[in-house]
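I opened my notebook next to the model and went looking for how the helices pack. Here is what I wrote down, entry by entry.

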Amino acid sequence: MHDMVAKALLFILGGMLIAAAGTSKLSEMGGLMKRYPLIGWLFFIVALALVGIPPLSGFLGKVLIVSGGISGGHYALTFIGLGSSIIVLYSLIKVFMAAFWGEAPAARTTPVSIRWSDYTAAIGLTLVVIFMGLGSEWIYSFTSQAGAVLSDPTLYINAVLKE
């Protein structure tokens, strides 16, 4: 659930970023935080969520992956999983710094108007990312039940066939 929401938000913000900058080249972006601070901070929040920083939605998943890896004795896989989170954090913060805090190109014209529907979708998904993190214990109770059914299909078969 976290991946669906956070990556959808990242794609929406990426489109808004390209529209605001007028280019898809990161080297030609910069200084957008002054004109589009909401886009910048929403991008920063989703970057932290994708890495698994508490209290955002990616935290519980990271904790479960790490604890499962360690308890199963899969230390190398656990290390790779944590390493990939560091790489994701590095790449997203690099984009954040270059696009929002970098030097603004001299050729940039007046700010582009971003549609409110884009802002509404981005803010709504950001709130979902935050609430999924804050309510992760409640959500986990439902997802663990679904996981139990998926790992043991006889529960589903018995429920459907009533045998």
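**Entry 1, the core.** I began with the largest nonpolar core in this predicted model. It has 32 residues, and the members that touch the most others are Leu9, Leu13, Met16, Tyr36, Ile39, Phe100 and Ile114. I then asked which elements give two or more residues to this core. They are H1, H2 (32-35), H3, H5 (75-101) and H6 (116-134). A reminder to myself: in soluble globular proteins, nonpolar side chains tend to be buried together.

**Entry 2, leucine 9.** I picked Leu9 from that list and looked up its contacts, leaving out residues up to four places away in sequence. Leucine 9 touches Val46, Ala122, Leu125, Thr126 and Val129. That sent me to the helix pairs.

**Entry 3, H1 with H3.** I took H1 (residues 2-21) and H3 (residues 37-51) and found that their axes come within 10 Å and cross at roughly 150°. Angles over 145 degrees count as roughly antiparallel, so H1 and H3 are roughly antiparallel to each other. Their crossing is left-handed. On the H1 side I listed His2, Ala6, Lys7, Leu9, Leu10, Leu13 and Met16; on the H3 side, Ile39, Leu42, Phe43, Val46, Ala49 and Leu50. Sorted by class, this contact has 11 nonpolar residues, 1 polar and 1 charged.

**Entry 4, H1 with H6.** What angle do H1 and H6 make? I read about 150°, with the axes 9 Å apart. H1 is therefore roughly antiparallel to H6, and this crossing is left-handed. From H1, the residues I noted are His2, Val5, Ala6, Ala8, Leu9, Ile12, Leu13 and Met16. They meet Asp118, Tyr119, Ala121, Ala122, Leu125, Thr126, Val128, Val129 and Met132 in H6. The classes here are 14 nonpolar, 2 polar and 1 charged.

**Entry 5, a peptide bond to check.** Most peptide bonds are trans, and I went looking for a cis one. I found a cis bond joining proline 54 and proline 55, with omega about 5°. Proline 55 sits in the loop between H3 and H4 (58-71).

**Entry 6, tryptophan 138.** Is Trp138 buried or exposed? Its relative accessible area is 59%, and exposed means over 50%, so tryptophan 138 is exposed. I located Trp138 in H7 (residues 136-151). Last, I checked a pair: tryptophan 138 and lysine 25 are 113 residues apart in sequence, and their C-alpha atoms are 41 Å apart in space.

Key. Residues are numbered from 1 along each chain as its sequence is written. This is a predicted model: local features need pLDDT of at least 70, side-chain atom pairs count only at pLDDT 80 or more; totals for chains, interfaces and linings use all residues. Side-chain values use heavy atoms; hydrogens and water are left out. Axes are lines fitted to C-alpha atoms, for helices over the stretch in contact, and angles run from 0 to 180 degrees between N-to-C directions. Angles under 35 degrees count as roughly parallel, over 145 as roughly antiparallel, 65 to 115 as roughly perpendicular and the rest as oblique. A crossing is left-handed if the near helix is turned anticlockwise from the far one by less than a right angle, and right-handed if clockwise. Contact means heavy atoms within 4.5 Å. Ala, Val, Leu, Ile, Met, Phe, Trp, Tyr, Cys and Pro count as nonpolar, Asp, Glu, Lys and Arg as charged, and the others, Gly among them, as polar. A nonpolar core is a set of buried Ala, Val, Leu, Ile, Met, Phe, Trp, Tyr and Cys residues joined through side-chain atoms within 4.5 Å. Buried means under 20% relative accessible area, exposed over 50%, partly exposed in between (1.4 Å probe, protein chains only).
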